[in-house]
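Student: Before we look at the model, could we go through how its labels are justified, setting each value against its rule?

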Amino acid sequence: MSRPWQSPTPLIQQKIRWTVLLVTVVFALLLLRLWYLQVLEGRYYATLSASNRLRIRSVEAPRGFILDRSGEVIVENRPSFDVYVIPAAVPDLDEAAHAIGTVLGQAPEEIVAKIRGGRAHPYRPVLLAQELNERTMVVIEERKMDLPGVSLRVRPLRSYVDGGIAAHLVGYVSEVNQEQLHLEAYRDFRPGDTVGQAGVERRLDSFVRGIDGWEEVETDAQGRVVRLMDRLEPQSGFSLVLTLDKKLQMAAEKAFAGKRGSVVALNPQTGEILVWVSRPAYDPNRFAKQLSREAWEELVNDPTHPLQNRPMQAQYPPGSVFKLVVMAAALEAGAVTPETVFNCPGYFRLGRTTFDDWKEGGHGQQDLMQAITNSCNVYFYQAALKAGIDAIVLVAREFGLGQKTGIGFGDEAKGLIPSPSWKQEVLGERWYLGDTVITGIGQGMILVTPLQMVTLVAAIANGGTVYRPWVVERVESWGGEVVAAYGPEPVRKVNLRPRVLELVRQGMLRVVEEGTGRVARIRGVRVAGKTGTAQVVKKEAHGPGKTEDHAWFVAFAPYENPEIAIAVIAENAGKGGSAAGPVARAVLEAAFSPLLEKGTVAQGPSPESQ
């Protein structure tokens, strides 16, 4: 038995040495690892730690305002209180979806889908709901500890005042879509960014959009913002001043309520767009928020086509408005003179084919001015034959029919001015005299857009200059500095004798003063116009209420020094004088309201047929 003060045995001594050595090695390894982490990889892990604690998030720039020619607001911004979530900060997706859905009144499945959709960029906030009311915001703040990764933010929301007037011209904004993100033109955009998708909002998006800012925020382990570290203020977009006249626009919107079709007015001396109505319309405010897929499909599949920009995309037969072109062509070709008389018994026979007049029993003996005043079909059947289709086509194209006006907003329709060569090439048929006869009253294969028709009327009014329609007058900074300015752009001078245009203008004046367009008379202002009723091909009509003819009315005023030209088409509304004429008169009354306020407004006669 060994004593306690005696030295350990060699075996025990060896174990102690190995233990000391092992502990030394372990500590050495720990120190080595600590040195590696702190020294060699210190900067990397410091950055990683900071990135988990600090977030850089975008601050959306307010878009510039859109104003009318007088500075009246058409589009502005308003604050929207939105709620976001950071996907990476959500520990339990189902639990979080249930908690958030309870607060927002959304189905948990909907929340899950939104968060999963943002997992490609787990640290980028995903928008869950917009325009929260005060009560919901208070609840979110109270339950912050139960809602990891959830935060409230304020951002500017596009606001289209007065329900979105001139919606198809102004356009709308929405989030950039996946298809756009793959295009070179959108290389500077990121998912969630807002971009103009139609109309002026799209065409001048680079001016209106502004430059987003950013802010650096510190977050806790739950992804909640603790404090703001740094911030770069966004730069607001430039404002657009349009040529649109809000007063006239509102008058047109009101007068055209309940109708389908278009109202377009412009300044015939410059081509400035003053009025742009397309019905049915959509409310662009719906797009400024997150439009659901169901709502989008409902708009796209709507049989009335509310997304169609009718003034420049819808094509119609011009009806009797085209008689202005035939009149000019016949006069220019010397086929008729103001004294040329044709008898109208109520019909016209060409071979075995009979072409009817709109008036049963006919108009009797008609000279050129009487024929245009009464819109006599039989006269223009014969005037078209005498002028010949080539002369008519030539004059129509001089006025810009059958080609795009070049306004430059989205897809513009060309319309169609058929010719013998076109018919042979496209339809494989020769041109018949009967084709020329019906061309004389604007029927057959002719197609025009309302924008083309108002451009035609403007050129007649101003003495023969065709202007490219335009709508943006200038771009301004918030300080009022003009960044860009635009002006009239003459396209061509119509190759017609001045005397011919003068006779056409005189004919339009008589139409309003004593003919089919008397509904548009305004005492104190001499108005010139033309009615039109475009027949609808019954076999192509769809559904009840769509077999009625389209109603046209075009006009300009004042006759002596035209300031406004207007074209109205009311789809399936019947006669031009009774259905479209009152709309034109309402706009003209608004345009010349200083005179009307003096009590000099004449009451038009009872609606009349063409």
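Student: What makes R227 partly exposed rather than buried or exposed?

Tutor: R227 has a relative accessible area of 46%, and since buried means under 20%, exposed over 50% and partly exposed in between (1.4 Å probe, protein chains only), R227 counts as partly exposed. This is a predicted model, in which local features need pLDDT of at least 70 and side-chain atom pairs count only at pLDDT 80 or more, while totals for chains, interfaces and linings use all residues. Residues are numbered from 1 along each chain as its sequence is written, and side-chain values use heavy atoms, with hydrogens and water left out.

Student: Why is the pair of R227 and E218 called a salt bridge?

Tutor: The rule asks for a side-chain nitrogen of Lys or Arg within 4 Å of a carboxyl oxygen of Asp or Glu, and the side chains of R227 and E218 meet at 2.5 Å, N to O, so the pair satisfies the rule. E218 itself, at 13% relative accessibility, counts as buried.

Student: How do you know that E589 and R585 form a salt bridge, and where do they lie?

Tutor: Their closest N and O atoms are 3.7 Å apart, which makes a salt bridge, and both residues lie in helix α22 (residues 576–591; helices are DSSP runs of H or I, at least four residues, numbered from the N terminus). The two are four residues apart, about one turn of the helix.

Student: Which of these two is buried, and which partly exposed?

Tutor: R585 is buried, with a relative accessible area of 16%, whereas E589, at 23%, counts as partly exposed.
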